[in-house]
Amino acid sequence: MAQHYFFSSLLPFLSLLAIFSNVISQSKPVMAVTLHTDSRWIVNEAGQRVKLACVNWVSHMDPMVAEGLNKQPLDAISKRIVSMGFNCVRFTWPLYLVTNDSLASLTVRQSFQRLGLSQYIAGIQAKNPSIIDVPLITAFRAVVSNLGANNLMVILDNHVSQPGWCCSETDGNGFFGDKYFNPDLWIKGLTMMATMFKGVANVVGMSLRNEPRGPRQNAPDWYSRSSALSNPNVLVILSGMSYDTDLSFLQNRPVKLTFTRKLVFEVHRYGFTDANIWKYYNPNQACAVVQGYPLFFSEFGMDLRGNDGLLNQYMNCFFALAADLDFDWNLWTLGGSYYIKQGITEFEEYYDYTLIEYMTRLNLYIKSPLEPLRLGPCKDSEAWSYTPQKSLSLKGKNLCLQVDGLGKPAKLGNICSDSGSQWETISNSKLHLASTIGNATTLCLDVDSSHTVVTNTCHCVSVGRKCDPESQWFKLIRSSRNPSSKTLRKKTSLEHACWGLYESFELS
């Protein structure tokens, strides 16, 4: 039986062409009182999938106040998060917010004053007067409450113990026994937060600790301590080792909780995560090496200055994986700057939410069978069938994708049995779609500057680091276009079939 697909191109990031897929303006926030897991999916009480499409909001830095409250009213920020299509916030917090009495007793005003950051007080008093003279934890709770009032789910993420920037091997926050990471105090703090937010409907998960790392990290200690923190009311989100990049320890010993269907694993990925791979490997080889199968990518992003083209290639690879595996995700980060970071005030963040303003996702769009195929919005894309005979056929029509020659636009035809109508994924990345014509000439799908789909000689398929295959990176995404389908990836509607696979990144 032929399976149905969306047919999508992955193009260079800095050219502002097609990278990721989604029509985020169609996305709707989802409020869920209780979530649990069903195999690798997160679902609600009715068993319907709830896909986490999140953004990080930082509140673990030195002031222990959510970033940006000196610039915008809290409710305006929450509404902006909703307007961008996110349905949840990973809200970071330092352990000392609740366990260090001298810090926890401070008001917002006093917290800025003690750091010599009085320049922010007037802004917060003007934009958010209700929190300026309340204890820090009260201000934290006010943010969670306002997010809930705007129908946004919240994941409480214990980012560090000592407030400040994360992460390094020597910051004292890496693993049990480090200067600021007392495991007993950690359990106490998590218990206090769980108790404080018990019954708060929009708090759906607790991330136990951000990026375990350093020479003291070891799986047995991580198992024993984390297993003691079971909480039946929320998702229990457990990090990987080595800066949240390694879940290999699960192969030999599964984590056991005192209850079932609550455990979620998280990992982080950035271009620099696998820097040497992208620097020294062929792009297709590098993309094949870094692919994995996580449940929740709780941090990802890229340096928007675009200074390193090699590492930026990673994002296209990442988006192909995201579309293929349909995992839950969380973008770093909401704010464009920090009150203070490593001693510098108004520190600019280059891995911020404006990433979404650079990204659109374009699928194959057919205005007429007589016109060239182009890339268009997801909502206008066609459903395709990839048959056992390796043809790419339009669903419900007697037409298939065909090669017309080197440098020529791909075309639609009704003779779907010859070699020029058969397509295979090639290269290590599995992101090239190739067909053979004439004298055994192999051509790959490509996209020109006008978004017209053409066929050209395949790039970077053989070894060689200095090449750029991205205009030829396409991905067949399995879809539930049939609205009667109730099983494939737990989709429940035709609309969800279009944007639900990617769930981010296109502003209206």
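**Figure 1. Helix 7 and helix 8 pack against each other in this predicted model.** Start with the two helix axes: they lie 11 Å apart and make an angle of about 35°. As for handedness, helix 7 goes past helix 8 in a right-handed crossing. Which residues do the touching between helix 7 and helix 8? On the helix 7 side you'll find P183, D184, W186 and I187, and on the helix 8 side they meet W222, R225 and S226. Keep W186 and W222 in mind, as both turn up again in the next view, in a cluster of rings.

**Figure 2. A cluster of aromatic rings takes in F175, F176, F181, W186 and W222.** Ring pairs are what link these five residues together. Zoom in on F175 and W222: their ring centres are 6.1 Å apart and their planes sit at 50°, which makes this a tilted pair. F175 belongs to the loop between strand 6 and helix 7, while W222 belongs to helix 8, so this pair ties together parts that are 47 residues apart in sequence. Are F175 and W222 buried or exposed? Both are buried. Now look at F181, another member of the cluster. The charged end of R209 sits over the F181 ring, 3.7 Å from its centre.

**Figure 3. F91 and F140 make a stacked aromatic pair.** Searching the whole structure turns up 19 aromatic pairs, and F91 with F140 is one that is stacked. A pair of rings gets described by two things, the distance of the centres and the angle of the planes. Here the centres are 4.3 Å apart, with 15° between the planes. F91 sits in strand 5 (residues 88-94) and F140 sits in helix 6 (residues 136-149), so the pair ties together parts that are 49 residues apart in sequence. How accessible are the two residues? F91 has a relative accessible area of 0% and F140 has 2%. Both values are under 20%, so F91 and F140 count as buried.

**Figure 4. M193 is a buried residue in helix 7.** Its relative accessibility is 0%, so M193 falls under the 20% cut-off for buried. What does M193 touch, leaving aside its neighbours within four places in sequence? The contacts are W93, V98, I137, F140 and M206. You've met F140 already, as the partner of F91 in the stacked pair. M206 has a partner of its own: in the pairing of strands 6 and 7, it is the bridge partner of L156. One more distance to check here: the C-alpha atoms of M193 and N158 are 9.7 Å apart, and the two residues are 35 places apart along the chain.

**Figure 5. Eight strands close up into a barrel.** Follow the strands in the order 4-5-6-7-8-9-10-11, with parallel pairing. Going from one strand to the next, the twist averages 30°. Strand 6 (residues 153-160) and strand 7 (residues 203-207) run parallel and are joined by four bridges. Further round, five bridges join strand 9 (residues 263-270) to strand 10, and E266 stands opposite F296 in strand 10. Strand 10 also pairs with strand 11 (residues 328-331) in the parallel sense, over three bridges. In that pairing, F300 stands opposite L331. How many residues of strand 10 (residues 296-301) are buried? Six of its six are, so the strand is mostly covered.

**Figure 6. Two cis peptide bonds sit at C166-C167 and W332-T333.** Omega is near 25° for the bond from C166 to C167, and about -5° for the one joining W332 and T333. Where do C167 and T333 lie? C167 is in the loop between strand 6 and helix 7, and T333 is in the loop between strand 11 and strand 12. While you're looking at strand 12 (337-341), find K341, which lies over the face of W165 at 3.7 Å from the ring centre.

**Figure 7. E346 and K390 have positive phi values without being glycines.** Phi is near 50° for E346 and about 70° for K390. E346 lies in strand 13 (residues 344-348), whereas K390 lies in the loop between strand 16 and strand 17. As for accessibility, E346 is partly exposed at 38%, and K390 is partly exposed at 34%.

Technical notes
Residues numbered from 1 in each chain as written. Predicted model: local features only at pLDDT ≥ 70, side-chain atom pairs only at ≥ 80, totals over all residues. Heavy atoms only, no water. Pairing = 2+ DSSP bridges. Axes fitted to C-alpha atoms, helices over the stretch in contact; angles between N-to-C directions. Phe/Tyr/Trp six-rings, centres within 6.5 Å; stacked < 30°, edge-to-face > 60°. Buried < 20%, exposed > 50% of the residue type's maximum accessible area, 1.4 Å probe, protein only. Lys NZ or Arg CZ within 6 Å of the ring centre and 35° of its normal. Left-handed = near helix turned anticlockwise from the far one by under 90°. Contact = heavy atoms within 4.5 Å.
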